[in-house]
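Open the model in your viewer and follow the stops below. Each one says what to select and what is there.

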Amino acid sequence: MAELQGAEKRRYVADLFSRIAGRYDLMNDLMTLGLHRRWKRRTAALAAQGVNGPAIDVSSGTGDLALELARRPEVDHAVGLDLLQEMVSRAGSKVKARGMSGSVTMMTGDALSLPFADGSFACATAGFSLRNMPDVEQALSEMVRVVRRGGRVAILELSPMTQGLRSALFRPVFHGLVPLIGRLVAGDRSAYCYLPRSVDHFLDAGRLAEMLSGLGLADVGYQRLGFGTVALHWGVKE
Ligand SMILES: C[S@@+](CC[C@H](N)C(=O)[O-])C[C@H]1O[C@@H](n2cnc3c(N)ncnc32)[C@H](O)[C@@H]1O
């Protein structure tokens, strides 16, 4: 599962998110007590800071971050891209319901091979999705590639907790309560067992920052959110 690689991981992740697409938003609200909305707003604000032009949200799911990007005054149009048609359809309905069809385009596509020319966007975001990528570095390098010089990249992601008080407090929630809510609300315990395991296997915030710098981003920084369970990274393309 969480330790899968390559095509096997891609298939596993696609199957999992197809199964839970219908309950995805409700589960996010329950698991974060609604805080994911505030974090996404902050991610969009950090991505758009000081830029001007189109934005892309990679692995956009039901489109929250694409919508937040489109609400920023610095952004003239937002693209939300996701591997799964189920997610794109749900995001499309949300965009329509918010009256934002003129400023947000949702589309299917693979984060590892974005269908855009170099430097197409003023900024790029990814929320809670890098963990699910068969190749994290390739996904990040694609985001950096499609952003123009001086443009910004912002990544919102869960962060591993291996020791200390934070781990003692949150591991029982992540590994016990989240799968239980997943079973009761989404009818899919195994999808929500995968979630905490995928976090355990993911890069810690310091290593993710190093990877972003290695890919050619300057002024890389990060902020911990949600009592340290989440990290928000950013950087500027040189
Ligand atoms: C945990 S959800 C995050 C959705 C959204 N960004 C959010 O913050 O709510 C992960 C999303 O990544 C998408 N995904 C997984 N692998 C992908 C890939 N290779 N390319 C594009 N999207 C992918 C899944 O379909 C799913 O919608």
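**The ligand.** This is a predicted model. Start at the ligand, which has 19 residues around it. Select S59, G61, L83, A111 and G127: of those 19, these come nearest. Now show the whole shell around the ligand. Its residues divide into 10 nonpolar, 6 polar and 3 charged. Next, color helix α1, residues 6-20, and helix α4, residues 64-71. Each of α1 and α4 supplies at least two residues of the shell.

**From α4 to α3.** Keep α4 selected and add helix α3, residues 35-48. Two packed helices are described by the angle between their axes and the distance between the axes. Here α3 and α4 pack at an angle of about 50°, with their axes 9 Å apart. That angle makes α3 oblique to α4. The crossing of α3 past α4 is right-handed.

Which residues meet there? On the α3 side, select K40, R41, T43, A44, A47 and A48. On the α4 side, select D64, L65, E68 and L69. The residues of this contact between α3 and α4 divide into 5 nonpolar, 1 polar and 4 charged.

**The hairpin.** Move on to strand β6, residues 217-225, and strand β7, residues 230-237. How do β6 and β7 run, parallel or antiparallel? They are antiparallel, and 7 bridges join them. Pick Y222, then look across to β7: its bridge partner there is H233.

Last, select G226. The hairpin of β6 and β7 has 4 residues between the strands. In this hairpin, G226 takes a positive phi near 55°.

Notes. Residues numbered from 1 in each chain as written. Predicted model: local features only at pLDDT ≥ 70, side-chain atom pairs only at ≥ 80, totals over all residues. Axes fitted to C-alpha atoms, helices over the stretch in contact; angles between N-to-C directions. Parallel < 35°, antiparallel > 145°, perpendicular 65-115°, else oblique. Left-handed = near helix turned anticlockwise from the far one by under 90°. Contact = placed C-beta atoms within 7 Å. Nonpolar A, V, L, I, M, F, W, Y, C, P; charged D, E, K, R; others polar. Near = placed C-beta within 6 Å. Pairing = 2+ DSSP bridges.
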